[in-house]
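Student: I would like to learn how to read the interfaces in a protein model, step by step. Could we take one case together?

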Number of protein chains: 2
Amino acid sequence: MTVTSPAGFTASGIAAGIKATGAKDLALVVNQGPQSTAAGVFTTNRVHAAPVKWSRQVLTAGALKAVVLNSGGANACTGPKGFQDTHATAEKVAQSLEIGAAEVAVCSTGLIGEFLPMDQILTGVDAAVAELSATGGDDAAVAIMTTDSVAKNVAIAGAGYQVGGIAKGAGMLAPGMATMLVVLTTDAVIDSAVADAALREACRLSFDRLDSDGAMSTNDTVLLMASGASGTEADPAEFTATLTTACLDLAKQLLADAEGATKEVAISVTGAASEADAVTVGRSVARNNLVKCALFGEDPNWGRILAAVGTTDAQFDADQLDVAVNDVWICRAGAAAEDRSKVDLTGRDVSVTIELNAGDHQATIWTNDLSHAYVHENSAYSS
Amino acid sequence: MTVTSPAGFTASGIAAGIKATGAKDLALVVNQGPQSTAAGVFTTNRVHAAPVKWSRQVLTAGALKAVVLNSGGANACTGPKGFQDTHATAEKVAQSLEIGAAEVAVCSTGLIGEFLPMDQILTGVDAAVAELSATGGDDAAVAIMTTDSVAKNVAIAGAGYQVGGIAKGAGMLAPGMATMLVVLTTDAVIDSAVADAALREACRLSFDRLDSDGAMSTNDTVLLMASGASGTEADPAEFTATLTTACLDLAKQLLADAEGATKEVAISVTGAASEADAVTVGRSVARNNLVKCALFGEDPNWGRILAAVGTTDAQFDADQLDVAVNDVWICRAGAAAEDRSKVDLTGRDVSVTIELNAGDHQATIWTNDLSHAYVHENSAYSS
């Protein structure tokens, strides 16, 4: 049930001394082949970390043999020296594994604006290589945690192959400042064009629809590595669907572990003139602090939801909007309908449905509430 | 120091029984002339309240003799009956003052989605008319308060005339769900074209640059009424500057009284390629929950500020960004500079300066931190 579930991968997670706590903080995932097909999706933030610059460049070749990940420091906003540190890390991994540095991706997560302790990183790479094993995925998942309270793993069976993955992130997508990192593996036989297209589509339908706190990270990275070890040539459409299922599973785990959250909220926008309109409306509601506070307070405040919808340029008539919270249609035609006291918001899972009555398209955005604990974690924890 | 400071205006504020607390909840401001020039700026939210629909229509004539304002209910998302209620309120005021209903603007603030208690409103109008006086502005300011902890008033002397005003709002601009209402008065002699242009420019440089919680109201309204009672024909440019000063004063009062805020934050973006770029960057930082939590925690987290800048499409090079917090340049050229421990964030006023090094334009956006108390007020108070 992890990144080493598909055949052809080894992994490890060790304590290199980057974190002051002594917790695991360095992970390595290695593709043993026979293929080394890969694809990557990165933060669109224009302020992005040195490892993002490096890995994006490396991925242009559509191949990877290894990825090294550290928690305890984001290596973002660290200038030329930060990039040199990423390069040196990749070189060290390449040397230890007897591969090329251009076959090694690097991911970092943690505090922005500080240099990594390179002595610990370089020594740690040796230890991580020594610990590599076909059951090391779970340790790798632990080693990339920052404010995560649990490690995130997934494995899904496709048609004759496996997809596995690990993820970290608790600030969350949109993507979150606490930085989402995801490594996906498969033993399917796919080429780099299929890998790239499948990964983009899977991310579009999963991580891109998670919007916990509207904040976009400098370090977000999703990598896919394919070993071909199953010998099964995957159908592109079927592979994309399997990969999307794996990504959605990890996305839900990120949502469940979001900093300070007490609610997991699915905002479904239906009757939209286009899928883009549905996403725009869902995202606007997901990012509205007043809606999020109301959900924390277990108040089915449809007026705040309508006000958030009204800020968008999506096609709709304000007098034709319907809103349900936990399946109770408390707003019809832009005005009060069923009694709001019928809505039970005591549970952790909340569904919000917004019917735009403007077309046949729909999309779901996942978010969290805005709680005292979110404020506490993000004011007291410098990340 | 209020809406009745300029000559030619009377006002009142009374308890009509709309609020269950028995507090003042109905205000009336009347322009006694000789002129009745007016202009209005309204929320751009596509879901907007019945009184906004009414007042926007009325203002197309560029004239107003009275505005009636109630707290205790927003009359938003109330369908055709809500609009009929607004119309009936304007008719009642018109009848009592022996003017036309098309000369009466209506503003409402409070909970979205519920009908106003029309018996109380209509009886209240009679009481408000009976209480009208040339010193009634302070009562009017009190009667429009919702979660405001203090009434907001202003009066500024122009060249031979006065500008006065009242405001309510604690959720805040961008504009805020708790709904900002502003009534500005002047005894200057101006025509409706000057009034309209001056009001739009003043709002653009004041209320539009306040972004406390990124949430836009269904009811926000800023009205300007000119009586001409001073006999002084105002120079348009000088009048615009005076009006802007009055609006900035009220905007700062709104900022100071924002729900749950512990910090008043001025985000100055300098070196921008355009003023629009500067506003875009400032707004992105102002709306970033992680930045706002860090300021609440008195953490000069420049990495989060850079990450917020990076989400925009403004012109800049990520390696050329400088950031100062309370005048300490903790980030230069996109990386750490002066020691962050030099930044003292214990005070209520915070300045953030972001130098884009991309041009000669600048803008300042004002915002607040994100505190436990903000979450508490907006989860426990149904507005």
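Tutor: Let us begin with the contact between the two chains, bearing in mind that this is a predicted model. The contact draws 52 residues from chain A and 51 residues from chain B.

Student: How does one express the size of such an interface, and what area is buried between chain A and chain B?

Tutor: The size of an interface is often stated as the accessible area that is lost when the parts come together. In this case about 4,100 Å² is buried between chain A and chain B, and carbon and sulfur atoms give 57% of that area. Three residues, A:Arg46, A:Leu290 and A:Val375, supply 16% of the area that chain A buries against chain B, which is more than any other three residues.

Student: Which polar features does the interface of chain A and chain B have, and how many salt bridges does the rule find there?

Tutor: The rule finds 0 salt bridges across the interface of chain A and chain B, while 12 residue pairs are counted in polar contact between these chains, both residues of each pair being at pLDDT 80 or more. The elements of chain A that give two or more residues to the side touching chain B are helix H8 (289–296), helix H9 (302–310), strand S13 (335–336) and helix H10 (372–380). By class, that side of chain A has 23 nonpolar, 23 polar and 6 charged residues.

Student: Can the reading be carried over to parts within one chain, and which domains does the assignment give for chain A?

Tutor: The approach starts from the domain bounds, and for chain A the assignment gives domain 1 (9–256) and domain 2 (264–380). Taken over C-alpha atoms, the centres of these two domains of chain A are separated by 32 Å. In chain A, 16 residues of domain 1 are in contact with 16 residues of domain 2, and the two domains bury about 1,300 Å² between them, with 42% of it on carbon and sulfur atoms.

Student: How many salt bridges does the rule find across the interface of domain 1 and domain 2 of chain A?

Tutor: The rule finds 2 salt bridges across that domain interface of chain A, and it also finds 6 residue pairs in polar contact there, both at pLDDT 80 or more. Helix H5 (192–205) and helix H6 (236–256) of chain A each supply at least two residues of the side of domain 1 that touches domain 2, and the largest share of that side, 4 residues, comes from H6(A). The residues of that side of domain 1 of chain A divide into 7 nonpolar, 3 polar and 6 charged.

Student: Which side chain meets A:Arg209 in a salt bridge?

Tutor: The partner is A:Glu275, and the N to O distance in this salt bridge is 2.4 Å.

How values were computed: Residues numbered from 1 in each chain as written. Chains lettered and ligands numbered in written order. Predicted model: local features only at pLDDT ≥ 70, side-chain atom pairs only at ≥ 80, totals over all residues. Heavy atoms only, no water. Domains from an automatic or database assignment. Contact = heavy atoms within 4.5 Å. Buried area = accessible area lost by both parts, 1.4 Å probe. Salt bridge = Lys/Arg side-chain N within 4 Å of Asp/Glu carboxyl O. Polar contact = N/O pair within 3.5 Å; in protein donor to acceptor, adjacent residues only side chain to side chain. Nonpolar A, V, L, I, M, F, W, Y, C, P; charged D, E, K, R; others polar.
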